[in-house]
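The paragraphs below lead through one protein chain, from single positions to the chain as a whole. Keep the sequence and the model side by side while reading.

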Amino acid sequence: MKRLAAFCLLTSAFCLGAAPAHAQSYPSKPLRIVVPLAPGGGNDTTARLIGARLSSSLGQPVVVENRPGAAGVIASETVFKAPADGYTLFLVSTSFTSAPALVRKLPFDPVNDFAPVTRLAVVPGALIVHASLPVRSVKEFIALARSRPNDITFGSAGIGSGSHLGGELFKIHAGVDLLHVPYKGSALVTIALLSGEVTCAFTNPISSMPHVKAGRIRNLGMGSAERWPLLPEYPTIAESGVKGFEHIIWNGMSVKAGTQPAIVERLHSELVKATALPEVVKHMAADGSRAMTQSPADFDAFIRGEIAKWMRVAKAAGLQR
């Protein structure tokens with residue numbers, strides 16, 4: 001009996017030590033970052049930039065795998081079907097939290113099937129208008145929009161994109177009717193705005209700055225809660241009279257639920273260090289974004305809050321499928 005008890009105790013100790021040992025040997029093979037967008041965009045560039053730094057710090061190759069389509073559902077399924085071992089990372093963004101509001105029957109649960117690691121960066125959406133529009137402020141824009149309901153058009157990078165939802169959120173808070181015109185990507189939105197094909201857009205302010213300085217388009221206000229440090233001369237939309245309005249475009253990193261907590265913490269630590277590197281900070285600033293990392297628990301709370309917010313917006317805008 002004593003021998004049996006000793007064997008059971010030894011076996012239990014071995015089993016308890018197995019998980020930490022696995023985490024300590026991590027990573028022992030290449031990793032991949034699944035990106036729900038085509039190559040070349042801001043999120044894809046961020047994934048490659050961060051991936052290169054992870055590869056250096058972890059001592060393993062990190063490959064970026066682009067899986068665009070179906071508003072991010074294809075990429076989400078790819079990660080959902082992968083082993084929960086920390087070798088498949090998922091670059092999540094606004095579309096990840098808007099998917100539950102836009103697609104009734106997702107093949108996965110964005111809250112319970114994924115483990116948040118950290119938010120990476122944020123950039124505020126800005127209300128950009130064509131220079132021909134006779135307004136110089138958010139207040140003047142709202143007054144004009146109310147006098148011309150459903151006549152003023154706003155372009156977006158597609159249904160469910162951050163720029164689309166930002167416009168819908170503005171409509172609710174400002175009490176205006178704008179006509180949505182979706183495009184296949186942010187670059188096409190810029191072209192449409194410059195040509196006057198659409199009247200306004202809720203888009204990245206930094207990428208718009210060359211055209212703003214040239215006088216072809218106008219930045220009326222920023223979607224951040226406070227003045228954006230990279231463009232402090234522009235007022236926020238909230239301080240311009242649209243109280244409670246906040247629209248930020250963000251990205252972050254998650255893994256499949258069930259991944260060992262020690263591995264999640266290791267990834268979190270490495271990602272926080274990567275976003276603090278001078279070359280990464282410089283790159284993000286050039287794109288208008290800033291590193292704003294969060295603990296796994298805080299990022300989880302942020303994601304839940306974003307899902308709830310976009311559910312309310314989608315219901316109010318009649319976007320639910």
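**A walk through the chain**

Val79 has its place in helix H3, which covers residues 73-80. The model is a predicted one. Val79 counts as buried because its relative accessibility is 0%, and buried means under 20%. Leaving out residues up to four places away in sequence, Val79 touches Val34, Thr88, Leu89, Phe90, Phe114 and Lys256. Ala257 is 178 residues from Val79 along the chain, and the C-alpha atoms of the two are separated by 9.8 Å.

Two of the residues that Val79 touches, Phe90 and Phe114, lead on to the aromatic rings. A pair of aromatic rings is described by the distance of the centres and the angle of the planes. How many aromatic pairs does a search of the whole structure find? The search finds 12. One of them joins Phe90 and Phe96, with 5.7 Å from centre to centre and 90° between the planes. This pair is edge-to-face, because planes over 60 degrees apart count as such. Phe90 and Phe96 are both buried. Phe108 and Phe114 form another edge-to-face pair, with centres 5.7 Å apart and planes at 85°. Phe108 has a relative accessibility of 7% and so counts as buried. Phe114 is buried too, since its relative accessible area is 4%. Elsewhere in the sequence, Phe141, Phe154, Phe170, Phe202 and Phe245 form one aromatic cluster.

Rings also occur together with charged side chains. The ring of Phe302 has the charged end of Arg119 sitting over it, 4.7 Å from the ring centre. At Trp228 the charged end belongs to Arg290, and it sits over the ring at 5.7 Å from the centre.

Arg290 is also among the residues touched by Leu120. Leu120 has its place in strand E4, residues 114-124. Is Leu120 buried or exposed? Leu120 counts as buried, because its relative accessibility is 0%. Besides Arg290, and not counting residues up to four places away in sequence, Leu120 touches Leu91, Asn251, Gly252, Met253, Leu271, Thr275, Ala291, Met292 and Thr293. Gly318 is 198 residues from Leu120 in sequence, and the distance between them is 31 Å, C-alpha to C-alpha.

Three loop positions come next. Ser289 is found in the loop between helix H10 (278-286) and strand E11 (290-291). With a relative accessibility of 11%, Ser289 is below the 20% limit and therefore counts as buried. Which residues is Ser289 in contact with, leaving aside its neighbours within four places in sequence? They are Ala121, Val122, Val123, Leu230 and Met284. Ala157 is 132 residues from Ser289 along the chain, and their C-alpha atoms are separated by 18 Å.

Asn150 lies in the loop that runs between helix H5 (138-147) and strand E6 (153-156). Its phi is positive, at about 60°, although Asn150 is not a glycine. Asn150 has a relative accessible area of 46%, which lies between the limits of 20% and 50%, so Asn150 is partly exposed.

Pro27 is in the loop between helix H1 (2-25) and strand E1 (31-35). The peptide bond that joins Tyr26 and Pro27 is cis, with omega at about -5°.

The last step is to the chain as a whole. Its secondary structure comes to 11 helices and 11 strands. Along the principal axes, the C-alpha atoms fill a box of roughly 90 × 40 × 30 Å. The chain has 321 residues, and 50% of them count as buried. Among contacts with a separation of 6 or more, 78% are between residues 24 or more positions apart. The accessible surface of the chain is about 14600 Å², and 58% of this area belongs to carbon and sulfur atoms. The chain has 32 positive and 22 negative charges, and the mean positions of the two sets are 2 Å apart.

Methods. Residues numbered from 1 in each chain as written. Predicted model: local features only at pLDDT ≥ 70, side-chain atom pairs only at ≥ 80, totals over all residues. Heavy atoms only, no water. Phe/Tyr/Trp six-rings, centres within 6.5 Å; stacked < 30°, edge-to-face > 60°. Buried < 20%, exposed > 50% of the residue type's maximum accessible area, 1.4 Å probe, protein only. Lys NZ or Arg CZ within 6 Å of the ring centre and 35° of its normal. Helix = DSSP H or I, 4+ residues; strand = E, 2+ residues; numbered from the N terminus. Contact = heavy atoms within 4.5 Å. Areas by Shrake-Rupley, 256 points an atom, 1.4 Å probe, with all protein chains shown as cover. Lys, Arg positive; Asp, Glu negative; His and termini not counted. Charge placed at Lys NZ, Arg CZ, Asp CG, Glu CD.
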